[in-house]
Structures are given as C-alpha cells and as structure tokens.
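Please walk me through this protein structure, one part after another, in a way that a first-year student can follow. I would like to understand how single residues fit into the whole.

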Amino acid sequence: MTATVPQIHRPAYGVAWMLLAGMCFVALNALVKYVGQTLPSSQAGFLRYLLGLVFVLPAFGQVSRARFVPRIWGLFAVRGVVHTGAVLCWFYAMTQITVAEVVAMNYLTPIYVMLGAAIFLGERFSSRRMAAVVFAFAGVLIILRPGVRELQNGHLAMVFAAIFLGISYLIAKRLATETTAAVVVSIMSITVTIGLLPVAMWVWVPPTLSELAWLLLVAFFATLGHYSMSRAFAEAPVSVTQPVTFLQIIWAATMGAVLFAEPVDIWVVLGAGIIMAAVSYITWRETILKRRVTPNPNEPKT
C-alpha cells in the first residue's frame, strides 16, 4: 500500500508570493491608468490581451488537442463574453476613478463568487456567510458614500466589473474540473481578445511604439501576478495568504498619490479594510470547516 504524503505548508513562502502578486497587480493598475490617458480604454484592454497571448503560447498545444463536449465549449464561450464585459468595465473605471478606489472595490469579487456559488452551485449559505456579505457591502457604502458625494460612472463600472469577474471565476471553477488551468487560462485569453476586437475597432487610435511597450508590460505584470498568486495558494493555506492582499490598498493609495496626484481618501481605506476583514473571516472559517470534515491521513485507523 502506498503511503499518503502529507501536504507541506510553507507560510513564509506563501506570504512572499502573495506580496509579489500584490505588487504586480498594483503596478498593473498604475500602468493601465497611465496608458488610459492616451488610448481609449476598450482599445487598451484589447491590446493588453492581444499582447498577453505571447505569455500563454506554451499552452496552445494543449488547447489544440482538447476535446470537449458542446456544453463545455458553451461554458468557455459564456466565460469569454462575461470576462470581456469585466475587462471593458475595469479598464474604463481605471480612467475615471482613483487607483485606490478600483483596488478597494475589486475586493468585492470574492463576495460575489460566494453568493453565486450559493445561488447557482447549491453551496451552503450559513448565517456567518450572510454576516460577512452584510459587512462587505457596508464597506462598499463607506467607499461610495452615496448622498454625501457625487458618484461617477467609474464607480458604477467597477461594481459591474467585480460582478462580471465573480461570474467568470465561478465558470472557471466548473471548467477546472474538466481540464488543466493552462487550458482554461489560454482559452479565456483567446475568447476575450476576440470579444474585445470589435469594440476596440470602433474607437481605434493608432498606438505608438511606446504605448505598445507599456501594454506589453501590463500583460507581463498581469501574467506574473496570477502566477505568483497561484504559487502562494500552493505554498500556504488561503487563510494565511488572503489578509496579505489588504496591503494592495495601501500601495495603491500611495502610488496614486505619488504618480497621479490622487488625494488619499481615508474612507476608501476604511471601507476596503471592512471588506477585506469580511473576506478574510470567511476564508478563515471555511479553512476551519474543511479541516473538520477532511480526515487526517496520519491519524491511526481503528
């Protein structure tokens, strides 16, 4: 009988990888905001994904050999449409509101994933989860402060971006049971590039070599950020790495102030903190429950 090898967790490595992922995503936000000042947001999104295909080329062989039933191809197509909407909203939001606001409101995505899993996948929705949702949306109200300040189109766009991303991640969760992560990411990159093409053509402005270079850098940071996040999840439990992501709002606020002269809004930081506390609590709680229901392979059998 083959012995079960216990999974080794290295929290320090997990935290380090998640720190790198956070830095990549904040750099990604800043670069998108910078390029968005000279190019239409939809065109910038298209070029980011087109150039990003370079980084998923190694997986194209797996994609060409993939054999899926029509229902799975349908899921890939739906995800492409939804993720295209998310990219359009996110790139537009980056040109309209501060980097810190974009990062803060993006923290809602795990909440939408949790709600979607309960509604569409039949996952249990406990009172603790409901409390986390309530606190998360309270954090959003603190960020937006409707009635106290004028809301911009960028705020609404970011709300929809987080919703679309949540739907995209739910579909990806289902597709992950059918094929490898490399195939899922590659097909998403292809479908989103195709989906963004007609919108980009509608507002096309000839890009300069400098702008193309910046967008290639955007694609690099996006790819490295997702890779680093995956490594973080492999090295340590999510309950260890998730709280580290809150540092992104600090870096985003600092970068926005230094590079784009954006005022640091303490209400945005406070709201983001409340959202992240709710997400971190749910993450910690789910980890505890998983430990209770998963048998320990080293435990003696009776």
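At 66% relative accessibility, Ala-261 counts as exposed, because exposed residues are those over 50%. The model shown here is a predicted one, and in this model Ala-261 sits in the loop between α12 and α13. The backbone of Ala-261 also deserves a look, since its phi angle is near 55°, which is a positive value in a residue other than glycine.

From this single residue we can step back to the whole chain. The chain contains 13 helices and zero strands, so that a reader who follows the sequence from one end to the other meets the pattern α-α-α-α-α-α-α-α-α-α-α-α-α. Of its 302 residues, 45% count as buried. When contacts in the chain between residues at least 6 apart in sequence are considered, 90% of them join residues at least 24 apart.

Where do the buried nonpolar residues come together? The largest nonpolar core has 64 residues, and among these Leu-28, Trp-90, Leu-108, Met-158, Ile-249 and Ile-275 touch the most other members. Helix α1 gives the most to this core, with ten residues. A second, separate core is made of eleven residues, including Val-63, Ile-171, Leu-175 and Val-183.

Two residues let us look at such surroundings in detail. Met-158, when its neighbours within four places in sequence are left aside, is in contact with Trp-90, Ala-93, Ile-97, Val-102, Met-105 and Asn-106. Asn-29, for its part, lies in helix α1, which runs over residues 11–35, and with residues up to four places away in sequence not counted, Asn-29 touches Trp-90, Met-94, Val-99 and Val-103. Is Asn-29 buried or exposed? Asn-29 has a relative accessible area of 6% and is therefore buried, because the limit for a buried residue is under 20%.

Helix α2 offers a simple check on geometry. Its twelve residues, 41–52, should span 16 Å at 1.5 Å a residue, and because the end C-alpha atoms of α2 are 16 Å apart, the model agrees with the expectation. Helix α2 is also mostly covered, with ten of its twelve residues buried; among the buried ones are Phe-46, Leu-47, Arg-48 and Tyr-49.

We now turn to the empty space inside the protein. The structure holds one cavity of 30 Å³ or more, and the volume of the largest cavity is about 80 Å³. This largest cavity is lined by 13 residues, of which Ala-100, Ala-253, Pro-263, Val-264 and Asp-265 lie nearest its centre. Helices α5 (99–106), α12 (247–260) and α13 (266–293) each supply at least two residues of the lining. By type, the lining residues of the largest cavity divide into eight nonpolar, two polar and three charged.

One of these lining residues, Ala-100, is placed in helix α5. Ala-100 has a relative accessible area of 10% and so counts as buried. Leaving aside neighbours within four places in sequence, Ala-100 is in contact with Ile-249, Ala-252, Ala-253 and Val-268. Ala-100 and Ala-257 are 157 residues apart in sequence, yet their C-alpha atoms are 9.4 Å apart in space.

Definitions and conventions. Residues numbered from 1 in each chain as written. Predicted model: local features only at pLDDT ≥ 70, side-chain atom pairs only at ≥ 80, totals over all residues. Heavy atoms only, no water. Helix = DSSP H or I, 4+ residues; strand = E, 2+ residues; numbered from the N terminus. Buried < 20%, exposed > 50% of the residue type's maximum accessible area, 1.4 Å probe, protein only. Contact = heavy atoms within 4.5 Å. Core = buried A, V, L, I, M, F, W, Y, C linked by side-chain atoms within 4.5 Å. 1 Å grid on protein atoms, 1.4 Å probe; cavity = no way out; pocket = protein on both sides within 12 Å on 5 of 7 lines; lining within 4 Å. Points joined across faces, edges and corners; volume = space filled by probe spheres on them. Nonpolar A, V, L, I, M, F, W, Y, C, P; charged D, E, K, R; others polar. Expected span 1.5 Å × (residues − 1).
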